[in-house]
Amino acid sequence: MMASSYNAKDEDGHHPGSVGSGGPGAVKSKKPDNTAFKQQRLPAWQPILTAGTVLPAFFMIGLIFIPIGIGLLVTSNNIKEFEIDYTGVDMFSPCFNCSQNYSWNSSSACTCSVPFTLDQPFESNVFMYYGLSNFYQNHRRYVKSRDDSQLNGDKSSLLNPSKECEPYRTSDKKSIAPCGAIANSLFNDTLELFYIHPNGSRIAIHLMKTGIAWWTDKHVKFRNPGGNHNNLSIVFQETSKPVNWHKPVYELDPSDPENNGFINEDFIVWMRTAALPTFRKLYRIIQKKKVNMTPTLPPGNYSLEVTYNYPVRSFDGRKRMILSTISWMGGKNPFLGIAYITVGSVCFFLGVVLLIIHHKYGNRNNNADIPN
């Protein structure tokens, strides 16, 4: 007698144990759950672009962006800026001898005097910058070559810096403080400004060396080990200065404990790396005297006294000094205003073109859609 075969099926029509049956040997289906979200059935708003919506949008963008751009451009043009290159590449430059003879290994500093003339007065506070060209602070290994824990005052990192600082991690079997390539290449030219009075006398311009760093950098990211008021020469006695430095970190500004060591503002400004190879960094601030109605920097003859400590010939770099005022939008930068005017003008022009096309061909299409 032949045994009859019976093929059992579940309620969904699947054999037990087959794909999708839910049995012990079942293979899970890759089909998404039948929900509005996973099946993309949620209600959505899809705008229908018509002439009645697109044209006003183009004209509105143009009418808003163009006045904003004009305002930004006028504000930028009202900012006064003066720039002078003191690299000393030209043999007739006052700093030519310094640029040719000075190197990192030079024992004595080289000084030079660069005369210049301001044709117009500089009102309000004047910001003095130093600028470098062809210096790639954005190089990956350069940016990583630092120890933030050491700069934040951690004592263990002071004596055992991060390996990211190599090859500027140790020197003479001592840890370098501050370690890394960024700190080792600290800009150390000294710039002084003198006003040449019509009677021939030289008047020194007072340069503020504090207030040039970001508040968060000064009070949060950078701290001296053991506090800022300790004897820094004792704190750093077991460390070595960076290879290219002429003095240790605790002698950056010994006259001001609030501006010495890791919290020295010139050092802090340098440690904030630039994104482009040509950059400027804030060096000093010339504050306007509130009781004096004369300009901060009156027009006339000036002299820039440079202590040439920073050689740039090895990387074909250039050095410059910049004097600038600021406005509510910062320093002089016409790009933002030009960008707003360009975008607004393009949108307004496209609006006019589309309006002409719609006026010329829109009625013809509408008449073609009307049945006879």
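Biologist: Where is Asn134 found, in terms of the elements on either side of the loop?
Modeller: A friendly note to begin with: this is a predicted model. Asn134 has a positive phi of about 65°, although it is not a glycine. Asn134 is found in the loop between strand 3 (126-133) and helix 3.

Biologist: Is Asn134 buried, partly exposed or exposed?
Modeller: Buried means under 20% relative accessible area and exposed means over 50%, with partly exposed in between. The relative accessible area of Asn134 is 31%, so Asn134 is partly exposed.

Biologist: Asp316 is not a glycine either; how exposed is Asp316, and what is its relative accessible area?
Modeller: Asp316 has a positive phi of about 55°. Its place is in the loop between strand 10 and strand 11 (318-324). Asp316 is exposed, with a relative accessible area of 64%.

Biologist: Let's turn to helix 3. Which residues is Val143 in contact with, leaving aside neighbours within four places in sequence?
Modeller: Val143 has its place in helix 3 (residues 140-144). Val143 counts as partly exposed because its relative accessibility is 32%. Leaving aside those neighbours, Val143 is in contact with Gln137, Asn138, Ile182 and Thr273.

Biologist: What distance separates the C-alpha atoms of Val143 and Gly180?
Modeller: Along the chain, Val143 and Gly180 are 37 residues apart. In space, their C-alpha atoms are separated by 9.2 Å.

Biologist: Now for Gly153: how far apart in space are Gly153 and Asn224?
Modeller: Gly153 has its place in the loop between helix 4 (148-151) and helix 5, and at 15% relative accessibility it counts as buried. Not counting residues up to four places away in sequence, Gly153 touches Arg223, Asn224, Pro225 and Gly226. Gly153 and Asn224 are 71 residues apart in sequence, and their distance in space, C-alpha to C-alpha, is 4.8 Å.

Biologist: Which peptide bond is cis with omega near 5°, and which one is cis with omega about -5°?
Modeller: One of them leads to Pro167, in the loop between helix 5 (155-159) and strand 4. The other leads to Pro178, in the loop between strand 5 and helix 6 (181-184). With omega near 5°, the bond runs from Glu166 to Pro167; with omega about -5°, the bond joins Ala177 and Pro178.

Biologist: In what order do the 3 strands of the open sheet lie?
Modeller: Strand 4 and strand 5 (residues 174-176) pair in the antiparallel sense over 2 bridges, and there Thr170 stands opposite Ser175 in strand 5. Across the open sheet the pairing is mixed, and the order is 4-5-8.

Biologist: Why is one side of strand 4 and of strand 8 left without a neighbour in that sheet?
Modeller: Strands of a sheet pair through backbone hydrogen bonds, either parallel or antiparallel. Here each of the two strands has a single partner strand, so one side of each is left without a neighbour in the sheet. The reason is the place where strand 4 (170-171) and strand 8 (239-240) stand: at the edges.

Biologist: Which residue of strand 10 is the bridge partner of Cys112, and which is that of Thr190?
Modeller: Strand 10 (residues 300-308) is mostly covered, with 8 of its 9 residues buried. It pairs in the antiparallel sense with strand 2 (residues 110-118) over 9 bridges, and with strand 6 over 7 bridges, again antiparallel. For Cys112 the partner is Val306, and for Thr190 the partner is Thr307.

Biologist: How far apart are the end C-alpha atoms of helix 1?
Modeller: Helix 1 (residues 51-78) has 28 residues, which at 1.5 Å a residue should span 40 Å. Its buried residues are Leu55, Gly62, Gly69, Leu72, Thr75 and Ser76. The end C-alpha atoms agree with the expected span, being apart by 41 Å.

Biologist: One last topic: which residues lie nearest the centre of the largest pocket?
Modeller: The largest pocket has a volume of about 620 Å³. Its lining divides into 11 nonpolar, 6 polar and 7 charged residues. Strand 6 (190-196), helix 9 (265-271) and strand 9 (279-286) each supply at least two residues of the lining. Of the 24 lining residues, those nearest the centre are Asn188, Thr190, Lys247, Leu252 and Asp266.

Conventions:
Residues are numbered from 1 along each chain as its sequence is written. This is a predicted model: local features need pLDDT of at least 70, side-chain atom pairs count only at pLDDT 80 or more; totals for chains, interfaces and linings use all residues. Side-chain values use heavy atoms; hydrogens and water are left out. Two strands pair if DSSP finds at least two bridges between them. Helices (H or I, at least four residues) and strands (E, at least two) are DSSP runs, numbered from the N terminus. Buried means under 20% relative accessible area, exposed over 50%, partly exposed in between (1.4 Å probe, protein chains only). Contact means heavy atoms within 4.5 Å. On a 1 Å grid over the protein atoms alone, a cavity is a set of points where a 1.4 Å probe fits but cannot get out, and a pocket is an open set with protein on both sides within 12 Å along at least five of seven lines; lining residues have an atom within 4 Å of a point. Grid points are joined across faces, edges and corners, and a volume is the space filled by probe spheres set on the points. Ala, Val, Leu, Ile, Met, Phe, Trp, Tyr, Cys and Pro count as nonpolar, Asp, Glu, Lys and Arg as charged, and the others, Gly among them, as polar. The expected span of a helix is 1.5 Å times one less than its number of residues.
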